[in-house]
Amino acid sequence: MKYKRYFRKTSLKQKGVGDFFLNEILAKKPKFFLEVGVYHGVTARNVCELLYQIHGSAFQYIGLDLFEVNNENKSEIIPNTEFSNPLKKIYFKYIKKQDPYSISAVRDLLKKFKNNVNLIKGNSNIILKKIDMSKIDYVFLDGGHNYETVLNDLKCCNEVVKNNGIILCDDYDLTFAPGVKKAIDEFVLENNFDCQIICNNRFAKIQRR
Ligand SMILES: C[S@@+](CC[C@H](N)C(=O)[O-])C[C@H]1O[C@@H](n2cnc3c(N)ncnc32)[C@H](O)[C@@H]1O
């Protein structure tokens with residue numbers, strides 16, 4: 001599977017990482033996918049394309065993001081959403097007339113799958129508690145990177161692992177966000193889950209033993 005960039009920004013930009021990620025999804029073939037931290041929606045689109053190839057229309061994708069930086073969420077680590085590439089700046093400002101880091105722009109990128117996609121704007125510390133996790137069989141956890149948020153997100157997705165699903169966490173070993181590793185290690189130990197660190201320490205893959 002080839003991971004495509006769709007002329008937008010993504011955290012899976014490093015060579016080979018996106019393809020590795022898609023092969024992980026392909027191995028599990030989930031039907032109910034949750035992504036925490038959607039950003040420009042590039043991974044969302046890649047996941048939907050893949051799940052469509054596997055299941056036709058019989059899949060669901062839920063994507064959750066703040067989709068804005070404001071006073072309430074300024075403690076979260078949010079990647080720079082601006083382009084350095086002037087062509088991309090022009091394309092979004094004058095042709096698409098969109099902010100690519102907005103729920104409407106991501107909805108537009110995913111419109112091909114509009115019947116399968118549910119995008120939610122909000123903070124995972126509040127929203128995840130309200131999501132029914134009983135059917136979700138794959139979580140890509142790539143939202144807030146501070147310790148409290150990662151631990152909250154993992155706890156809210158505990159049921160997914162108990163039901164034989166997978167939580168794949170990005171940025172396991174980031175020097176500038178040590179809280180990710182700390183929260184994952186604690187969560188895995190407390191629940192006695194299996195945790196494989198894969199793709200050159202990039203992802204933590206959490207599942208039942
Ligand atoms: C690293 S980016 C996600 C990249 C995306 N998964 C991809 O593959 O391109 C992290 C995203 O998490 C979002 N985020 C940060 N804290 C959050 C929170 N507490 N709740 C929801 N989203 C959050 C940010 O707005 C940002 O878009």
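**Exercise 1. Place Val42 in the fold and state whether Val42 is buried or exposed.**

Step 1. Val42 has a relative accessible area of 0%, so Val42 is buried. Buried means under 20% relative accessible area, exposed over 50%, and partly exposed in between, with a 1.4 Å probe and protein chains only.

Step 2. Val42 belongs to helix H2, residues 42-55. Helices (H or I, at least four residues) and strands (E, at least two) are DSSP runs, numbered from the N terminus.

Step 3. From C-alpha to C-alpha, Val42 and Gly63 are 11 Å apart in space and 21 residues apart in sequence.

The model is predicted: local features need pLDDT of at least 70, side-chain atom pairs count only at pLDDT 80 or more, and totals for chains, interfaces and linings use all residues. Residues are numbered from 1 along each chain as its sequence is written, and side-chain values use heavy atoms, leaving out hydrogens and water.

**Exercise 2. Find which residues other than glycine have a positive phi near 60°, and state whether they are buried or exposed.**

Step 1. Tyr39 has phi near 60° and lies in the loop between strand E1 (32-36) and H2. The relative accessible area of Tyr39 is 12%, so Tyr39 is buried.

Step 2. Asp171 also has phi near 60°; the loop that holds Asp171 runs between strand E5 (166-169) and helix H8 (178-191). Asp171 counts as buried because its relative accessibility is 13%.

**Exercise 3. Describe what is found at the start of helix H3 and just after H3.**

Step 1. At the start of H3 (residues 86-96), a side-chain oxygen of Asn85 comes within 2.9 Å of the backbone nitrogen of Leu87.

Step 2. Just after H3, Lys97 has a positive phi of about 50°.

**Exercise 4. Describe the surroundings of the ligand.**

Step 1. The ligand is surrounded by 22 residues, of which Glu35, Gly37, Thr43, Asp65 and Tyr101 are the closest. A residue is near a molecule if one of its heavy atoms lies within 4 Å of it.

Step 2. By class, this shell has seven nonpolar, 11 polar and four charged residues. Asp, Glu, Lys and Arg count as charged; Ala, Val, Leu, Ile, Met, Phe, Trp, Tyr, Cys and Pro as nonpolar; the others, Gly among them, as polar.

Step 3. A polar side-chain atom of Asp65 is 2.6 Å from a ligand oxygen. A ligand nitrogen lies 2.9 Å from an N or O atom in the side chain of Asn123.

Definitions and conventions. Polar contact = N/O pair within 3.5 Å; in protein donor to acceptor, adjacent residues only side chain to side chain.
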